[in-house]
Amino acid sequence: MKPVKWGIISTANIGVEKVLPGMLKSKDLEIVAISSRKLKTAQSWAAKLGIPKAYGSYEEMLADPEIEAVYNPLPNHLHVPLTLAAAKAGKHVLCEKPIAITAAEAKQLKKIRNVHVAEAFMVRHATQWIAARDLVKKKKIGEVRAIQVLFSYFNRDPKNVRNMADIGGGGLLDIGCYPITVSRFIFDGEPKRVTATIDRDPKFKVDRLAGGLADFGDGRHLSFTVSTQLAPYQRVNIMGTKGRIEIEIPFNAPPDKPNRYFVQGMEMNEGEWTALPVSDQYQLQAEAFGRVIRKKQKPAWGVDDAIQNMKILDALFRSEKSGKWEKP
């Protein structure tokens with residue numbers, strides 16, 4: 001496959017620390033440019049990562065005819081505007097999650113034609129998640145009835161975008177989108193109704209602790225807790241009628257160590273850990289998007305899927321106010 005030529009919008013930490021190092025491992029893509037609002041910042045990261053071009057504005061990079069696709073890891077409130085700008089410039093866009101702040105905002109992306117747009121949920125390309133879904137499809141643990149997710153970190157930095165309510169900060173948008181995505185991935189369905197309980201930081205006004213239930217019908221549900229102000233931890237349990245699957249590091253899977261999952265049968269605490277070959281989920285994500293661009297495979301997830309995820313998040317926020325079940 002002819003390598004896809006990429007440009008990177010901004011020097012956000014998620015990009016330069018995790019996504020770009022993964023992308024740079026691949027022979028199926030070539031990062032040709034990185035941009036920032038400050039040229040010196042772009043030049044510094046270009047030098048560190050070995051990227052040929054550096055731009056002092058996003059608009060200038062989008063005008064570069066060599067670039068075919070862009071990765072957009074800007075703060076949440078800039079996801080839609082810059083994705084629209086990139087698409088207008090004829091670039092395919094891999095946009096960091098969540099793709100918008102609300103479903104209504106995300107629907108603006110439906111006007112995009114002739115280029116591919118996808119939400120950057122790397123977990124859907126991660127080997128441990130694909131293995132877990134295959135085991136579920138094969139009924140390895142019987143009928144899956146419940147998925148339980150816990151994901152937390154501690155961040156009270158007032159300068160961090162996650163603590164800025166007016167630009168889409170808070171835990172539910174930042175990491176609460178993961179339980180929604182993975183439960184849809186494993187159940188291969190959509191929740192009929194959701195409910196949430198949310199605690200907000202009195203100073204930042206963002207949600208710092210959120211717990212939720214999503215009813216997928218047929219006796220299946222997701223339960224989750226996410227927090228931006230608890231001890232760092234993450235774990236997922238997929239519960240079936242004949243066993244369970246536990247994914248050890250489900251979201252920040254290490255790119256330099258084997259990813260592991262545990263399968264238990266009907267005996268408590270008895271089962272087996274499986275270690276998968278070392279892989280980088282960010283590399284796999286970019287390569288998959290490249291194959292879509294090169295028409296080597298059909299897009300599995302696009303704008304409609306991203307809008308559906310946002311509808312569920314919207315319903316959880318509505319439940320915070322209503323105190324009731326809400327339909328996405």
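This is a short tour of selections to make in the viewer, one stop after another.

The model is a predicted one, in which local features need pLDDT of at least 70 and side-chain atom pairs count only at pLDDT 80 or more, while totals for chains, interfaces and linings use all residues. Residues are numbered from 1 along each chain as its sequence is written, and side-chain values use heavy atoms, with hydrogens and water left out.

**Helix H2**

Begin by selecting residues 39–49, which make up helix H2 (helices, H or I, of at least four residues and strands, E, of at least two are DSSP runs numbered from the N terminus). Colour Ala42, Ala46 and Leu49, which are buried (buried means under 20% relative accessible area, exposed over 50% and partly exposed in between, with a 1.4 Å probe and protein chains only). These three cover an arc of only 80° around the axis, which puts them on the same side of H2; the arc is that of the directions from the helix axis to the C-beta atoms. On the face turned away from this buried side, look for the exposed residues Lys40, Ala47 and Lys48. Adding helix H1 (13–23), strand E2 (29–35) and strand E3 (53–55) to the selection shows what the buried residues of H2 pack against, where contact means heavy atoms within 4.5 Å.

**Strands E7, E11 and E12**

Next, select residues 144–154 and 229–240, the strands E7 and E11, which run antiparallel and are joined by nine bridges (two strands pair if DSSP finds at least two bridges between them). Within this pairing, Val149 stands opposite Val236 in E11. E11 also runs antiparallel to E12, with five bridges between them, and a hairpin of two residues makes the connection from E11 to E12.

**Aromatic pairs**

Now show the rings of Trp6 and Phe289, whose centres are 5.9 Å apart and whose planes meet at 55°, so the pair is tilted (rings of Phe, Tyr and Trp, the last by its six-membered ring, pair if their centres lie within 6.5 Å; planes under 30 degrees apart count as stacked, over 60 as edge-to-face and the rest as tilted). Trp6 lies in strand E1 and Phe289 in helix H9, so the pair ties together parts that are 283 residues apart in sequence. Move on to Phe121 and Tyr178, an edge-to-face pair with 5.6 Å from centre to centre and 80° between the planes. Both Phe121 and Tyr178 are buried, and they belong to one aromatic cluster with Trp129, Phe151 and Phe251.
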